[in-house]
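Today I am opening my notebook to look up two things: a pocket and how some helices pack. Come along and check each entry against the picture.

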Amino acid sequence: MDNGDWGHRMTTPVTLNVGGHLYTTSLSTLQRYPDSMLGAMFRGDFPTTRDSQGNYFIDRDGTLFRYILNFLRTSELTLPVDFTETDLLRKEADFYQIEPLIQCLHDPKPLYPPDIFEQVVELSSTRKLSKYSNPVAVIITQLTITTKVHALLEGISNNFTKWNKHMMDTRDCQVSFTFGPCDYHQEVSLRVHLMDYIMKQGFTIRNTRVHHMSERANENTVEHHWTFCRPAHKVED
C-alpha cells in the first residue's frame with residue numbers, strides 16, 4: 001500500500017455502534033493510542049463484530065462513549081460542570097485501556113476558573129418514519145430545546161413567531177415544536193435557523209449523536225441530539 005492509499009484509509013470515516021448509539025470518526029482517531037483496546041481492535045489484533053448495518057459493534061455504554069471519542073480527538077478531557085458519572089466513565093476508560101484518559105480521571109482538573117461555569121443547551125430532533133412507504137414518509141417530527149438559560153428560550157419564542165402554529169409545548173426549561181405528517185423540510189428549515197440562533201448567542205457545539213429506535217412494527221424512530229455550551233460568570237448572591 002503506498003502512502004496515498006494509507007493516508008486515505010486513515011481518514012476514511014468509520015461508523016461505530018456503541019450500545020445502540022452511532023458514532024462516526026476516522027481510523028486515525030481510533031488508533032491515536034496504539035496500546036489501547038481500540039488501537040488494537042482497528043489494527044486487526046483481535047476479531048471485530050458488526051451490526052446488521054455493517055457498523056462496528058461494541059457492547060458498552062453508548063452515551064459515555066461521546067467523552068471517550070472526544071478525548072481521542074483532542075487528547076483533552078472535557079466534561080460538563082454538572083457531570084455526575086465520573087465513576088462510570090472511569091470504568092469505560094479502563095475497558096478501552098486509554099492510559100492518558102485513565103490518568104486524567106484520577107487527577108481531574110477544573111474545566112474553568114472558580115468564577116466561571118458552563119451553560120448548556122440541548123437540541124433534539126425526533127422523527128417517526130413509516131417502515132413500509134417508498135420513498136420513506138415522515139409520520140411526525142419534533143424539535144425540542146432544553147436549557148436553564150431562560151433568556152435563550154424567551155428569545156426563541158420571540159424570534160421564531162412564524163413557527164408558533166407548530167409550537168406544541170413550552171415549559172420552564174423547554175420549548176418544543178411538532179410537524180407532520182410529511183413536514184420534514186419545515187422541520188429541517190427550523191432546525192437550521194435554531195442552530196444558527198443558538199450559536200449567535202455565544203454557544204458552540206460540544207457534541208452530536210444519533211440514536212435509532214423501533215417502537216412499533218410499522219414505525220422507525222430516529223433521534224438526533226446536539227449539545228451546545230458556553231462559559232458564563234457566576235453571579236454572587
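**Entry 1: before I start.** I need one definition for the helix pairs: an axis is a line fitted to C-alpha atoms, for helices over the stretch in contact, and the angle runs from 0 to 180 degrees between N-to-C directions. I also note that this is a predicted model.

**Entry 2: helix 7 and helix 8.** I looked up residues 150–159, which form helix 7, and residues 184–200, which form helix 8. At what angle do they pack? I found about 135°, and their axes are 11 Å apart. Angles over 145 degrees count as roughly antiparallel and 65 to 115 as roughly perpendicular, with oblique kept for what fits no named range. So helix 7 is oblique to helix 8. For the handedness, I wrote down that helix 7 and helix 8 make a right-handed crossing.

**Entry 3: helix 5 and helix 6.** Next I went to helix 5, residues 86–96, and helix 6, residues 99–106. Their axes lie 9 Å apart, and the packing angle is about 160°. Helix 5 and helix 6 are therefore roughly antiparallel to each other. Is the crossing left-handed or right-handed? Helix 5 passes helix 6 in a left-handed crossing.

**Entry 4: helix 4 and helix 5.** I stayed with helix 5 and added helix 4 as its partner. This pair packs at about 55°, with 10 Å between the axes. That angle makes helix 4 oblique to helix 5. Here I noted a right-handed crossing.

**Entry 5: the largest pocket.** Then I turned to the largest pocket, whose volume is about 530 Å³. I counted 22 residues in its lining. Which of them lie nearest the centre? They are Pro80, Asp82, Glu118, Val120 and Glu122. Helix 4 (65–74) turns up again here, since the elements giving two or more residues to the lining are helix 4, strand 4 (116–130), strand 5 (138–147) and strand 9 (219–233). Strand 4 provides the largest share, with 5 residues.

**Entry 6: what the lining is made of.** I sorted the lining of the largest pocket by class and got 10 nonpolar, 6 polar and 6 charged residues. Which domains take part? Domain 1 (5–106) and domain 2 (116–233) each give at least three residues to the lining.

Technical notes: Residues are numbered from 1 along each chain as its sequence is written. This is a predicted model: local features need pLDDT of at least 70, side-chain atom pairs count only at pLDDT 80 or more; totals for chains, interfaces and linings use all residues. Side-chain values use heavy atoms; hydrogens and water are left out. On a 1 Å grid over the protein atoms alone, a cavity is a set of points where a 1.4 Å probe fits but cannot get out, and a pocket is an open set with protein on both sides within 12 Å along at least five of seven lines; lining residues have an atom within 4 Å of a point. Grid points are joined across faces, edges and corners, and a volume is the space filled by probe spheres set on the points. Helices (H or I, at least four residues) and strands (E, at least two) are DSSP runs, numbered from the N terminus. Ala, Val, Leu, Ile, Met, Phe, Trp, Tyr, Cys and Pro count as nonpolar, Asp, Glu, Lys and Arg as charged, and the others, Gly among them, as polar. Domain bounds come from an automatic or database domain assignment. Angles under 35 degrees count as roughly parallel, over 145 as roughly antiparallel, 65 to 115 as roughly perpendicular and the rest as oblique. A crossing is left-handed if the near helix is turned anticlockwise from the far one by less than a right angle, and right-handed if clockwise.
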